[in-house]
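Here are a few short exercises on how two parts of a chain meet. Keep the model open beside you and try each task before reading its solution.

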Amino acid sequence: MSDLILFWHRRDLRISDNTGLAAARSHSSKVVGVFCLDPNILERDDIAPVRVTYMIGCLQALQKRYAEVGSQLLILHANPLQAIPALAAALKAKAVFWNWDVEPYSLIRDRTIIDALKEQGIQFLDQNWDQILHFPEEIRSGLNQPYTVYTPFWKNWISKPKANPVATLENAEGLTEAEAEIAKLNGAIALPTAKDLGFLWDRDLVIAPGEAAALEKLEEFTNSAIYEYKEQRDFPAVNGTSQLSAAFKFGAIGIRTVWQATLEALQNSRSDETQINIRTWQQEIAWRDFYQHAMYNFPELAEGAFRETLKNFPWQINEEYFQAWCEGKTGYPIVDAAMRQMNELGWMHNRCRMIVASFLTKDLLINPQLGEKYFMQKLIDGDLSANNGGWQWSASSGMDPKPLRIFNPASQAQKFDPEGEYIREWVSELRSMDTEYLVTGKIPASERDAVGYPHPIVDHNLQQRQFKGLYQQQRESIPTLG
Ligand SMILES: Cc1cc2nc3c(=O)[nH]c(=O)nc-3n(C[C@H](O)[C@H](O)[C@H](O)COP(=O)(O)OP(=O)(O)OC[C@H]3O[C@@H](n4cnc5c(N)ncnc54)[C@H](O)[C@@H]3O)c2cc1C
């Protein structure tokens, strides 16, 4: 009989192109999956029902995939610190394998579990990277330091050869009936629904859950929109991006498979122009790696501003403004459209994420950490590294030392939603209003009142001046730092 290896899935909910799983299969044919619904995560107050719904859908699809190849995916609902080593010991597993993660919580949890496994003489696979194309130690500056700026990171990152997709799990052996009983006695349960876990989401998902749906979406994107990505990616009314972010977040798709698809697209492209479009999408994949490396190298990012200037910034406490921002009722059409898109869909276009993040921090002078948390409460793709990176970038509090970025909502709308299509789609009361009003935001008070649309809660010019003044004061109070 073969040795049992438990493969612990976390953010790699697939059996294809999964490095840790392929390594497990190369050691034994008896590979059984396990996923632990972790109360330490599910009981936090920044968990989006849409995200849990997508995750449960991915787990359902994964259970089916395991059954197709002859094995099982076990589900636990318990603290993994105890549950994983206990299950492994009860099943007399030879080893537990998993893929490494970058988040502070995961790193501490995994080290504790390694100690527990070691104590029981159960093997484990350490430092196996799967979700990023290059692991953090691979991409370092000439002085062997982690990068804090994207452009040199990108130059180094793109110069390195990328791994090919690894083998899909096949012909595996599962637990015997007796072992399945032992698993049950040690916490294995039927997969609950998101509703069972207390998360209600009854609307459609921007991306169907599971590996097959993610691969289909990748194919659709790399057959068409990728060839115009650079030109179209900034227009929120256009379906010009991949919408693969939730699949990336939960690993419903392998990053090497994605990379290979971009190389094939490059091969199929006939002009320099299309190559530039594909290259631009590859750069987004690199941004994803960049922020994950940043979180791994500088875990303090998760706690707040990275730059000294913003560490003690006098953010204002204004519950009324914050609520208006959350609900899409600021009276700034492009900001409101974006917030309503996220509240409705659980996804927001990248251009709009930047606009609303700038508005919260530079116009409402509200602490970016509140916005970061609200995004996590709403996004299907909510991910600590990417979300924190996006918020730190928008709040000018991150590693990137560029001068202050302040987005003017009107210029953004005029440039990126020139016909007001996106605004009309999401702010229904403005549907029949003149485009000029929508994109400049200069809607006469009487017209606002007539359709029940709020008056602007603040004046952009005044607020950004105030922000700059406060910023300057902070800089002067820390003369040697920027
Ligand atoms: C304030 C703010 C918060 C954000 N929060 C998140 C988040 O919680 N989760 C998340 O996945 N992305 C986040 N992003 C990044 C980006 O907005 C989304 O990844 C993107 O909109 C997802 O849509 P897509 O899959 O169609 O992207 P595409 O344009 O098709 O890009 C492909 C993939 O590249 C990655 N990517 C693209 N842009 C970025 C970026 N700036 N940073 C990191 N990765 C990127 C994503 O995985 C994305 O799916 C945030 C950006 C900002 C400005």
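Two residues are in contact here when they have heavy atoms within 4.5 Å. Please keep in mind that the model is predicted.

**Exercise 1.** Find the bounds of domain 1 and domain 2 in the domain assignment, then describe how they touch.

*Solution.* Start with the bounds: the assignment gives domain 1 as 1–131 and domain 2 as 133–164 + 212–297, while domain 3 covers 308–477. Next, take the centres over C-alpha atoms; those of domain 1 and domain 2 are 26 Å apart. Then apply the contact cut-off: 20 residues of domain 1 are in contact with 19 residues of domain 2.

**Exercise 2.** How much area do domain 1 and domain 2 bury between them?

*Solution.* The size of an interface is often expressed as the accessible area lost when the parts come together. For domain 1 and domain 2 this comes to about 1700 Å², with 54% of it on carbon and sulfur atoms.

**Exercise 3.** Work out which polar links join domain 1 and domain 2, and which elements domain 1 brings to them.

*Solution.* Begin with the salt bridges, of which there are 2 between these domains. One pairs aspartate 17 with arginine 256, with 2.7 Å between the closest N and O atoms. Widen the search to polar contacts, and you get 11 residue pairs, both residues at pLDDT 80 or more. On the side of domain 1 that touches domain 2, the elements giving two or more residues are α3 (49–68) and α5 (104–119). Of these, α3 gives the most, with 4 residues. Finally, sort the residues of that side by type: 9 are nonpolar, 4 polar and 7 charged.

Conventions. Residues numbered from 1 in each chain as written. Predicted model: local features only at pLDDT ≥ 70, side-chain atom pairs only at ≥ 80, totals over all residues. Heavy atoms only, no water. Domains from an automatic or database assignment. Buried area = accessible area lost by both parts, 1.4 Å probe. Salt bridge = Lys/Arg side-chain N within 4 Å of Asp/Glu carboxyl O. Polar contact = N/O pair within 3.5 Å; in protein donor to acceptor, adjacent residues only side chain to side chain. Nonpolar A, V, L, I, M, F, W, Y, C, P; charged D, E, K, R; others polar.
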